[in-house]
Amino acid sequence: MSFSPIRIDDDGTFYVSGQLPSDMTVGLKEQTASSLANMDAILSEAGITRDQIRKMSVFTTQIENITEVNEAYAVYFEGVEQLPVRSAFGVTGLVGGALVEVDCMGKTIR
């Protein structure tokens, strides 16, 4: 089954599908940074900036190490005036054995 990496509604609301890390052999912090970079590539291609993200979701198999996720998250959103709201979930498994998956939604400026 295929899916769209991003959907943008007529009113400018956008939704980015869950993004996994490119390298699943590294640690949680590195996987988080990679997942965020993959999400950023999708946003950039659509002309959307980090400032336009309004809601993030983080899914991790290592919720006890959320500090590592937060460290990568802080670097990703450095310089963004208003951080998006975020939910974080501990899960028992992710595709391909990934330690983390991220998705987001927001609104474009039109």
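**View A. Five strands make an open sheet in this predicted model.** Their order is β1-β2-β5-β3-β4. The pairing is mixed. Strands β1 (6–8) and β4 occupy the edges. Each of these two has a single partner strand, so one side of each is left without a neighbour in the sheet. On average, neighbouring strands are turned by 10° against each other, direction ignored.

**View B. Strands β3 and β5 run antiparallel.** Seven bridges join β3 to β5 (residues 100–107). One bridge can be picked out by residue: S57 has D103 in β5 as its bridge partner.

**View C. Helix α1 packs on the sheet.** Helix α1 touches β1, β2 (13–19), β3 and β5. The direction of α1 makes about 35° with that of β5.

**View D. Helix α2 also packs on the sheet.** Here the strands touched are β3 and β4. The direction of α2 makes about 150° with that of β4.

**View E. Helix α2 (residues 66–76) has buried residues, V69, A72, Y73 and Y76 among them.** These four cover an arc of only 105° around the axis, which puts them on the same side of α2. What do the buried residues of α2 pack against? Their partners are helix α1 (28–45) and the strands β3 (53–60) and β4 (85–90).

Key
Residues are numbered from 1 along each chain as its sequence is written. This is a predicted model: local features need pLDDT of at least 70, side-chain atom pairs count only at pLDDT 80 or more; totals for chains, interfaces and linings use all residues. Side-chain values use heavy atoms; hydrogens and water are left out. Buried means under 20% relative accessible area, exposed over 50%, partly exposed in between (1.4 Å probe, protein chains only). The arc is that of the directions from the helix axis to the C-beta atoms. Contact means heavy atoms within 4.5 Å. Two strands pair if DSSP finds at least two bridges between them. Axes are lines fitted to C-alpha atoms, for helices over the stretch in contact, and angles run from 0 to 180 degrees between N-to-C directions.
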